Amino acid sequence: MGGPSARVPHGTADQPPASPTGPRPPAGEPTAPPPATAAGAPRSPGRSERTPRAGAGTDPAGAVPTPDPGGAAPARRGYLAVFAVREFRAVFGAHLLSLLGVVITEISLTVLVYDLTGSPLLSALTFALGMLPYLFGGTLLAGVADRYPARRVLVVCDLVCAGFVAVMVLPGTPVLGLLALRCAVAAVAPVFTGTRTAALADILGEGDLYVLGRSLLRIVSQTSLLAGFAVGGVLLAVVPPRGAIAITVVTFLLSAALLRFGTKDRPARLLKKDGGASLLRDSVGGARLVFADRRIRALMLLFWVPAMFVVAPEALMAPYADRIGVGPAALGLMMCAMPVGHIAAELVAGSALSPRSRSRIVLPTAAAGLLPLLVYAVTPGMTLALVALALSGVGAVYVIGLDQWFVDAVPDELRGRAMTLMTAGLMTIQGLGMALAGLAGEFFPVHQVVAGSGLIGTVCSVLLVREVRRTDPGNPGVGADRPLTTG
């Protein structure tokens, strides 16, 4: 899709963000009972009953059953079962193309702006402007995700971003125009990501396949952080920056084609489409409904808050490497440690753990995930810092179970807006966390800032874990405070 994908908690994105593949399972594979909902609890009272929309229920290729919401899931566990669904393969391919385009755009535009201005500040702004518009797009445009068919939204977003990037390629585009176009692409990104996330529940069902599909997209995004800039750097050694950006136009167009011809056209979740004012009202009203529900609000914050604090070591990595006297090679290793820990943990959780087991580890790992950063209080050397960073990445494994809880908690007619808001908030809060860590680093030693982030983040995470536990629909008395529907 057009625009940067969100990092995901613990150093990954959309938001922001490895690509395992495998053979297709045999057709007609037997099915098993559906996985348990969050914490093994039944759906809470007050939720509206859902019915499958047109096109849901079977894989278009007829290979394996795609579970309807609440229906049966394929017996085969693990990521191979997800690739058996033809529509997901199209979404996955489009995601790979999008990430390629995003990475190339980011590094090429940074180089281009620096070549034109010689200003490090303006060059750095090309990255910052990739995060700031998420809040605008995720809040004011979220209604698009539910008001229009998902396939149409995804394809149009890709085409719009291809158009924006094509203008960047024009030699006459001024620097301010380049930065404005960067903002425009970033504003579209949360709408695309939220719509795609909601559409995954239609394609894969709301059970284990949905969780594994989300996990795969996260893993791909994480790996792009490790390899993407290296690929972009090699490309820039061969072609000029504008030529590299032109390649991005092609990736967006190919992504749009995959989504247009590789996914089904399902109806919109909301049927009212009576003008721009209503779109804004749907967007803002959806955000109000999301935050008015205690359970959804707690789960949303559990995505956001640990991500806000875990970015501190990334934001301060360069000054910390200088403090302990290590060179660029060691700095590169430290930058990779957290994503590697997250990728490894998520692959193990998705492949080896059952849905119930993944549900059980959510709260403990969310509460303890930031504790490894406390080792920064003693100014660790490179080896100990690498271990701490990798363990913090491992702590992000809680999101694979949290995905299931979130999709269980959000009503179908609100899902697109909730996913868009979650994506936008995740990117925004990580940007805020980086800024606050940098500001604190101006007044305190960087190792103390990282350790303090680990401590404060752990306290906040523990408080959120208690709130999530209180809102568990299996607890007596929970269920009266449920989301209002918008239909």
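**Exercise 1.** Establish that helices α7 and α19 are oblique to each other, and describe how they meet.

*Solution.* The model is predicted, so that local features need pLDDT of at least 70 and side-chain atom pairs count only at pLDDT 80 or more, whereas totals for chains, interfaces and linings use all residues. Residues are numbered from 1 along each chain as its sequence is written, and side-chain values use heavy atoms, with hydrogens and water left out.

Step 1: the axes of α7 (residues 175-204) and α19 (residues 415-441) come within 7 Å and cross at roughly 130 degrees, where helices are DSSP runs of H or I with at least four residues, numbered from the N terminus, and angles run from 0 to 180 degrees between the N-to-C directions of axes fitted to C-alpha atoms over the stretch in contact.

Step 2: angles under 35 degrees count as roughly parallel, over 145 as roughly antiparallel, 65 to 115 as roughly perpendicular and the rest as oblique, and α7 and α19 are therefore oblique.

Step 3: among the residues in contact (heavy atoms within 4.5 Å) are Pro-190, Val-191 and Asp-202 of α7, and Arg-415, Met-419 and Ala-424 of α19. By class, this contact of α7 with α19 has six nonpolar, seven polar and two charged residues.

**Exercise 2.** Determine how α2 and α9 are oriented towards each other.

*Solution.* Step 1: α2 (residues 86-117) and α9 (residues 241-262) have axes 8 Å apart and pack at an angle of about 160 degrees. Step 2: this angle makes α2 roughly antiparallel to α9. Step 3: sorted by class, the contact of α2 with α9 has 17 nonpolar, nine polar and four charged residues.

**Exercise 3.** Which residues of α13 are buried, and which helices do they pack against?

*Solution.* Step 1: within α13 (residues 317-324), Met-317, Tyr-320 and Ala-321 are buried, that is, under 20% relative accessible area, with over 50% counting as exposed and values in between as partly exposed, for a 1.4 Å probe and protein chains only. Step 2: the buried residues of α13 pack against α12 (312-315), α14 (328-352), α17 (382-395) and α20 (446-470). Step 3: the residue after α13 is Gly-325, whose phi is positive, near 75 degrees.

**Exercise 4.** Is Tyr-79 buried or exposed, and what does it contact beyond its sequence neighbours?

*Solution.* Step 1: Tyr-79 lies in α1 (residues 79-83) and, at 8% relative accessibility, counts as buried. Step 2: leaving aside neighbours within four places in sequence, the contacts of Tyr-79 include Leu-212, Glu-346, Ser-351 and Ile-400. Step 3: Tyr-79 and Ser-351 are 272 residues apart along the chain, yet their C-alpha atoms are separated by 6.7 Å.

Terms used. Helix = DSSP H or I, 4+ residues; strand = E, 2+ residues; numbered from the N terminus. Nonpolar A, V, L, I, M, F, W, Y, C, P; charged D, E, K, R; others polar.
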